[in-house]
Amino acid sequence: MSIPSIEQILGSPLPVKLIVLLGMSAVFLYVRKRDAEGLTSGFFYLFALQAVRDTAYAFLPIPQVYLISDLFIFAALVYLIASTLGGRALVVGVSALNLAAVLLALADYALPFLPALPISPLGLVPALDSAVLAVFLAVRGRSQDRTLLNAGTLAAALGAAYAAVALFLGYGSDFLHEVAVPLFYFWPLGIAFYQLETHEGQLVRALEYYEGEVDSIYRLSIESGAAMRKTFSISDMLDGLTRVIVSETEADGGAVLLVDEFEDVVGFRSVQGRFPPPFKLPEDLPRKPERVEAFVRHAQFKLGETLFGEAAKTGKPLFVPLADGDERIQSNGPEDFLRVGSLMAVPLLVEDTVIGVVAVERLPGREPFSEGRFDHLKTLANFGALQISNFFSFQEARERSERERASNIAAEIQGLIVPKKLPEFPTAALGAFTAPAIGVSGDYFDVIQTRKDRVLLAVGDVAGKGVAAALVMVMVRSVLHLVANTDKDVATMLSWINRGITGKIEMDHYATLGLVDVNLATGEIEYANAGHQPLLIFRAEEDGIESVELKSIPIGVERGTGFVKRTLSLKSGDMLLMYTDGVVESMNAQGRQFGRKNLGTSLLRSRELSAREAALRIRADLANFAGEARQHDDQTVLVLKMKL
Amino acid sequence: MDSADTTYLSGIHEIRVDENSPLFEKTNMLFKEFPSDYRQIRYFTLLIVQSAPLEIKEINLLEQQISEIIKNAVKHGNKCVPEKKVRVWYEFDASHAHLIVQDEGEGFKDLETWNEFNRRRLEKLAAQDFEGLADYVSFRTESSDDNDGGNALFAALEYWNGGFVYNTRRNAVAMLKKYPQRHLGVTLEDRTG
């Protein structure tokens, strides 16, 4: 074998091939730039392999070089196409076959033993590869990625054509080298090109699809947002949602059903457009459009019953492209307004909770819903479910904040009318605390200096809670301040307050009130009571606690109630304690009440303390007793200590 | 009638006597006691109800029901003798109201008679015999007066849906109201199934 001269090489098909290769390389670079994802690189390697083969052949024009490289190229082709489509066995088989053929070809070249037939038996192998690949592609069929399959089929067809030329004309044929090979250069690039184009087309379509979805979701948000801003009504919000879903799916009508807040049923909450019922109507319901519509509007189903109950129970979407003849759709009569055309129903899911079902319909005669619409509805349903659950969360938060606002107003009023700072006297000192319980705000206390040597102490508890109770408290306080500055005694003051409050307005207004009028010069006190807790007095001389109880009914029960007063005398060091029921009824985790006895002990242990310190001591003892238990009622304490 | 109320046909609708009922368990219940003063019943009721949370929507209905029970204790139990006390244990949250009301009287002697009366009343209702029902509008005993409607317990039995039980002496009654709880949607039991 001799190495060909320059003339021979120039006269060979190599220049043609090289020119084509050059052109191809330019295209190669262009494609490479567009292919950011490396989709086509496999085909480029094939292209390079061919280029190497032809350059080698130009210098070593032996047919076996061609045959052997083709065996590799076809194995690589099968690998490129079949491996991505799950044809591993095929790849292994073809590789083994081709490798065996390579070994046979090498052996035959070294020591020719194969018969010189018109058609080389080894040349059959690439043709066989192409045929097997074609069968494989046909079998894999439509279930696989369309683009890949098309590119593969194209490659297999071109490969088969080339293999046929090589087989029938032989590897020495001029036609093969001058026409078939340069043409065959096109195929990897062509396929790479094709794949890239389709891929980009897919990207564009996906982009358009997502743009559409985002658009729909945007419209959905706008609609439900409007309902939240304007009326904050769930039915307005659901109506808006249904309208958007109907228009986005190009349906004739649609409905949203929600799972009931208390029972396990799912019921219609919004129906828009024309929505013939796909479930069985009662036999005795007149088949009139307005009657049927009214029935549908209020229909509800147990979970699992009808296609809506089923979707709500299982959480599975339902697609009925053609209602006619589909057993899932119940027919209610031949009338036009009762006939369903095409239906899709998708559960409204928030994580693994079904909150309802959304359904849309097209009437008979219109094009049925497509799979694409079904997917679109699923996206809309996902987002819709989120909107609905957000709405309910907002609603709950709003109700809670309204409740809190009402009790905050009451607490604020209460905070405004109790004294901020206690007055100080040479002969008596005061201490107090009031601790409102959340949402109650009924305790009241006051200290009114009526004359230089007189101070009026008041502790009361308005029954009820919230703003109503606060209003009663304000009324009590107003009358008290008015009569405190007259020369009336404490019993008369109570009857005036009682008259001022009882039966005046159409609401319950009860309050207990204890009044103590202290003579700062003498230590003499006058005590009157309207249903309030007994007075506790620490007697310094006896070192004991005296309980003073004046039984009577509270303010607000009867207009004509008469109250009595009792006169007592305090000596230096004596302490007077007024308090509300929240103190003595304070309960610990074991369910025991603090009680008057503990309160008395607490006062007794405060004998050496100032009035202010005594109030703090009682508060600490109370907190200690209650521990972690919740405070369920207001607690108020007012202490006076005489130092004559 | 489209929306006939059929609740009276379901469940056991009679007053039970069962001192061992869990409804008599007083642990951690709040407690108040009142003198048997008929004039103050509304006030006492308000003192109890004020500890009910704001989440309970039909608070007026609850107040009315509690008021009836306290009225029974003050009037029929303690015969309005001010020295006799009415003791109330109570506990509320958003999902329930639980009360025990005890008086110092002789106990509800006519309990069986009442149950029998109520059973007949419900039969008339179920049969839609509205003429016959006229005889069963008001339950009256020798001690009934013009202020007794004779129908408070019918409503009570409907209202206290978690039970309405007397102790053996029949001077204490324990009751439970369960409020339906709002929930959003139903949880899927098995997503793959």
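## Order of elements in chain B

Read from the N terminus, the elements of chain B in this predicted model follow the order β-β-α-α-β-β-α-α-α-β-β-β, which amounts to five helices and seven strands. Chain B has 193 residues, and 29% of these count as buried. When one looks at contacts in chain B between residues at least 6 apart in sequence, 66% of them turn out to join residues that are at least 24 apart.

## Where chain A meets chain B

The contact between the two chains draws on 32 residues from chain A and 23 residues from chain B. On the side of chain A, β6 (353-362) and α12 (371-417) each supply at least two of the residues that touch chain B. Sorted by class, this side of chain A is made up of 15 nonpolar, nine polar and eight charged residues.

Strand β6 of chain A also takes part in a pairing across the two chains, since two bridges join β6(A) to strand β7 of chain B, residues 186-187, and these strands run antiparallel. Within this part of the model, A:Thr353 stands opposite B:Thr187, which belongs to β7(B).

## Two helices side by side in chain A

Helix α3 (residues 41-59) and helix α4 (residues 63-84) of chain A have axes that come within 10 Å and cross at roughly 180°. Angles over 145 degrees count as roughly antiparallel, and α3(A) and α4(A) are therefore described as roughly antiparallel to each other.

On α3(A), the residues that make the contact are A:Gly42, A:Phe43, A:Leu46, A:Leu49, A:Gln50, A:Arg53, A:Ala56 and A:Tyr57, while α4(A) contributes A:Val65, A:Tyr66, A:Ser69, A:Phe72, A:Ile73, A:Ala76, A:Leu77 and A:Leu80. By class, the contact of these two helices has 12 nonpolar, three polar and one charged residues.

## A buried leucine in chain A

Which helix of chain A holds A:Leu603? This leucine lies in helix α16, which covers residues 595-604. A residue counts as buried if 20 or more other C-beta atoms lie within 10 Å of its own, and A:Leu603 is buried because 24 other C-beta atoms are found within 10 Å.

Leaving aside residues up to four places away in sequence, A:Leu603 touches A:Leu536, A:Phe538, A:Ile545, A:Met575, A:Leu577, A:Ala614 and A:Ile618. A separation along the chain can also be set beside a distance in space: A:Leu603 and A:Ile537 are 66 residues apart in sequence, and from C-alpha to C-alpha they are 8.6 Å apart.

Terms used. Residues are numbered from 1 along each chain as its sequence is written. Chains are lettered from A and ligands numbered from 1 in the order in which they are written. This is a predicted model: local features need pLDDT of at least 70, side-chain atom pairs count only at pLDDT 80 or more; totals for chains, interfaces and linings use all residues. Helices (H or I, at least four residues) and strands (E, at least two) are DSSP runs, numbered from the N terminus. A residue is buried if 20 or more other C-beta atoms lie within 10 Å of its own, exposed if 12 or fewer, and partly exposed in between; C-beta atoms are placed from the backbone. Two residues are in contact if their C-beta atoms, placed from the backbone, lie within 7 Å. Ala, Val, Leu, Ile, Met, Phe, Trp, Tyr, Cys and Pro count as nonpolar, Asp, Glu, Lys and Arg as charged, and the others, Gly among them, as polar. Two strands pair if DSSP finds at least two bridges between them. Axes are lines fitted to C-alpha atoms, for helices over the stretch in contact, and angles run from 0 to 180 degrees between N-to-C directions. Angles under 35 degrees count as roughly parallel, over 145 as roughly antiparallel, 65 to 115 as roughly perpendicular and the rest as oblique.
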